[in-house]
Amino acid sequence: MPEQVTDTPPPRAWRDRLVAIAWPAALGSLSGALLLLVLLPIAGLLFTSSPGRLLRGLADPLVAPAIRLTIVTTIASLGLIVVCGTPLAWVIARRRNRLWRVLETVIQLPVVLPPAVAGVALLLAFGRRGLLGPGLAVFGVGLPFSTAAVVLAQSFVAAPFYVQAAVAAFRRLDADLVLVARTLGASWPRVFFTVAVPLSWPALAGGAALSWARALGEFGATLMFAGNLTGRTQTLPLTIYTALESDLQTAQSLSIVLVAVAFALLVAIRAGARR
Amino acid sequence: MSMLDVDVRGTAGALSIDVAFRAGAAPLLLVGPNGAGKTSVLMLILGALAPDRGRVSLDGAALYDRDARIDVPLERRRIGFVPQRYALFPHLDVLGNVAYGVPAPARAERDRRAREALAELDVAALAARRPAQLSGGEMQRVALARALAGRPRALLMDEPLAALDVSVRRDVRRFLADRLRALAMPTVLVTHDVADAEALDGDLVVIEGGAVVQRGRLADLAARPQTDFVRQFVAGRSRPSP
């Protein structure tokens with residue numbers, strides 16, 4: 001019997017050796033493949049041009065109005081999302097019945113919706129023959145192919161990111177803090193503005209940054225619902241798409257600008273989350 | 001002398017409650033096993049829970065009366081509350097915490113009264129600190145100062161000593177006993193610790209399964225314990241000092 005204890009069966013050792021080689025190799029090659037897939041296109045953007053040519057790309061007449069329009073529309077979208085989304089998140093976080101749980105899911109839908117579907121949906125809601133179209137026409141308002149349509153499209157796709165972050169932050173809020181504030185005579189609005197919002201501030205800022213990044217990149221829904229009109233609805237992503245047909249250099253220069261902004265946002269969000 | 005009357009027989013949320021007591025000058029201590037409904041009784045008094053039958057009144061005036069359809073909103077009941085972990089506002093300094101509940105329109109007046117409340121509890125020196133920089137005993141005094149700064153009509157404390165290190169509990173307990181005696185305001189405390197009952201020298205109300213099973217002074221409970229819980233609770237008493 002003792003020799004059975006001391007003798008390691010040979011097949012086992014062979015398998016151990018194989019695992020010792022194959023496992024790191026598999027981990028390395030598989031994760032390396034995905035890293036390359038992400039890094040190569042970024043490298044392509046950054047290293048296939050020269051600083052002088054990149055600057056010349058930005059001199060294209062399409063660029064200045066697109067930057068102006070993008071800044072204005074994304075700030076408007078973010079304002080709309082924060083002003084309406086914060087109260088919505090507060091209500092969702094505090095109500096526990098089924099209706100609000102369903103609404104919480106519905107508000108997340110644009111995250112997984114294909115942008116083309118979002119564009120069709122927006123047209124069918126606010127378009128000339130959409131749900132609200134005839135009503136809006138009475139007041140002389142035609143939303144499609146206007147700057148307002150850009151803001152609506154951006155808000156539609158970007159709102160869930162902010163609302164989700166705000167709901168999570170409000171749910172994390174210590175219930176005792178809210179209770180104590182109320183025993184100290186604070187009304188609900190005072191609890192909201194002096195306890196809930198200040199304590200959720202970092203999470204709200206992170207959600208707003210994500211939301212803004214999403215609005216900044218909005219392309220599909222904007223193209224379908226707002227069109228591609230220079231100075232009116234042609235935001236930076238649409239300008240890249242347009243420039244691609246005539247001047248790859250302009251498309252590349254603008255892409256690098258957007259990558260830089262997105263990367264800065266990502267770093268800021270991660271730094272904010274660590275605090 | 002102010003009186004807080006509680007008489008609740010009904011369900012509140014998922015819990016069925018059958019509790020009646022009166023708190024006056026001496027502190028009233030709610031004791032009972034975990035899940036017995038002690039904290040729920042505090043919530044009923046505060047107005048965070050509404051029972052389907054019952055009445056809560058302060059000096060005869062109803063705060064809650066199901067039959068008369070009276071339910072004073074909790075922010076207008078003026079009942080000071082110190083929760084178990086004190087729940088100091090982490091984003092405000094100590095002065096800001098205490099000033100939060102002072103009902104005065106002018107900032108200067110709020111701060112003046114907050115400093116007064118801190119001074120009364122010997123913690124005026126902490127005014128500029130953040131809650132994260134306080135010890136457990138300091139947090140408790142600040143939370144008490146905050147609860148009292150708005151001149152409430154009654155005071156509720158949920159296990160005021162449970163979050164403290166055993167080493168400081170005795171001093172804090174003595175301090176609290178002195179303060180509560182000086183305040184002479186209707187006070188209801190939830191506690192797990194028979195030492196609190198000895199030091200605070202109040203009436204005990206024992207709750208099990210949402211209902212009062214025994215009441216009286218600690219000596220009465222010790223002489224004739226009615227349930228296993230009461231027997232265990234009084235068994236923890238310290239030896240009578242000579």
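Below is a short back-and-forth on a predicted model, about how some of its labels were earned.

Reader: What makes up chain A, going by secondary structure?
Author: Helices: chain A has 13 of them and 0 strands. From the N terminus on, each element in the run is an α.

Reader: Why is chain A called more spread out than a compact globule?
Author: Put two numbers side by side. The radius of gyration of chain A is 26 Å, while the globule rule gives 19 Å for 275 residues. The value is well over the rule, so chain A counts as more spread out than a compact globule. As for its dimensions, the C-alpha trace spans about 95 × 65 × 35 Å along the principal axes. Of the 275 residues, 36% count as buried.

Reader: How do you know that F192(A) and F193(A) are edge-to-face?
Author: Two checks. Ring centres have to lie within 6.5 Å to pair, and planes over 60 degrees apart count as edge-to-face. Here the centres are 4.9 Å apart and the planes are at 80 degrees, so the pair of F192(A) and F193(A) is edge-to-face.

Reader: And what makes F192(A) buried?
Author: Buried means under 20% relative accessible area. F192(A) has 12%, so it is buried.

Reader: Is F193(A) buried or exposed?
Author: Exposed. The cut-off for that label is over 50%, and F193(A) comes in at 58% relative accessibility, so it counts as exposed. F192(A) and F193(A) also belong to one aromatic cluster with W90(A), F170(A) and W188(A).

Reader: What kind of aromatic pair do F219(A) and Y241(A) form?
Author: That pair is edge-to-face, with 5.3 Å centre to centre and 65 degrees between the planes. It links distant parts of the chain: F219(A) is in the loop between α10 (188-217) and α11 (220-225), and Y241(A) is in helix α12 (residues 236-246), 22 residues apart.

Reader: Why is F219(A) called partly exposed?
Author: That label covers values between the 20% and 50% cut-offs. F219(A) has a relative accessible area of 28%, so it is partly exposed. Y241(A), with 40%, is partly exposed by the same reasoning.

Reader: Over in chain B, what makes S57(B) buried?
Author: Its relative accessibility is 5%, and the label needs a value under 20%, so S57(B) counts as buried. S57(B) is found in strand β4 (residues 54-58) of chain B.

Reader: Which residues is S57(B) in contact with, leaving aside its neighbours within four places in sequence?
Author: Those are M3(B), L4(B), D5(B), A62(B) and L63(B).

Definitions and conventions. Residues numbered from 1 in each chain as written. Chains lettered and ligands numbered in written order. Predicted model: local features only at pLDDT ≥ 70, side-chain atom pairs only at ≥ 80, totals over all residues. Heavy atoms only, no water. Helix = DSSP H or I, 4+ residues; strand = E, 2+ residues; numbered from the N terminus. Rg over C-alpha atoms; globule rule 2.2 N^0.38 Å. Buried < 20%, exposed > 50% of the residue type's maximum accessible area, 1.4 Å probe, protein only. Contact = heavy atoms within 4.5 Å. Phe/Tyr/Trp six-rings, centres within 6.5 Å; stacked < 30°, edge-to-face > 60°.
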